[in-house]
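Here are a few friendly notes to help you find your way around. Keep the structure open beside you as you go through the points.

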Amino acid sequence: MMGNMGGMMKKVQEMQAKMQEMQKELENKTVEAESGGGMVKVTMNGKQVVQSINIDPSLLSEDEKEVLEDLIKAALNQAKEKVYVQIDILIQNLLIKVIVY
């Protein structure tokens, strides 16, 4: 029983180390999302920090304010979903490594 416990503790420590690696890897990943057919583009890193927003100049008039706000919101939400996909992929890879090894 103690041998099993020691082996399990070792696996837990390995998983913690791999999770830290994954977090560092996420910091370096970026995703780009767009809305309005590319009129609004957002770049976000794996920690969900917005790196840049690019807005087509045709949207910068006063009467397009509400449309622009909606497009920015849509692009940000899409970028966030893409980050979640990257996180899921990294977690799946981590679990495979922990289970297999």
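1. Start at the hairpin of β2 and β3, which has four residues between the strands. There, Gln48 takes a positive phi near 65 degrees. Please bear in mind that this is a predicted model.

2. Next, look at the two strands on either side of that turn. β2 covers residues 40–45, while β3 covers residues 50–55. They run antiparallel, and five bridges join them. One place to see the pairing is Met44, which stands opposite Val50 in β3.

3. Now turn to the other neighbour of β2. Strand β1, residues 30–35, pairs with β2 in the antiparallel sense, over six bridges. Met44 appears here too, as the bridge partner of Val31.

4. The hairpin of β1 and β2 is worth a look as well. It has four residues between the strands, and Gly36 takes a positive phi near 65 degrees.

5. How many residues of β2 are buried? Five of its six are, so the strand is mostly covered.

6. Finally, zoom in on Thr43, which lies in strand β2. Is Thr43 buried or exposed? Its relative accessibility is 18%, and because buried means under 20%, Thr43 counts as buried. Leaving aside neighbours within four places in sequence, Thr43 is in contact with Thr30, Val31 and Glu32, and also with Val49, Val50, Gln51 and Ser52. Among these contacts, Val31 is the residue whose bridge partner in β2 is Met44, and Val50 is the β3 residue that Met44 stands opposite.

Technical notes
Residues are numbered from 1 along each chain as its sequence is written. This is a predicted model: local features need pLDDT of at least 70, side-chain atom pairs count only at pLDDT 80 or more; totals for chains, interfaces and linings use all residues. Side-chain values use heavy atoms; hydrogens and water are left out. Helices (H or I, at least four residues) and strands (E, at least two) are DSSP runs, numbered from the N terminus. Buried means under 20% relative accessible area, exposed over 50%, partly exposed in between (1.4 Å probe, protein chains only). Contact means heavy atoms within 4.5 Å. Two strands pair if DSSP finds at least two bridges between them.
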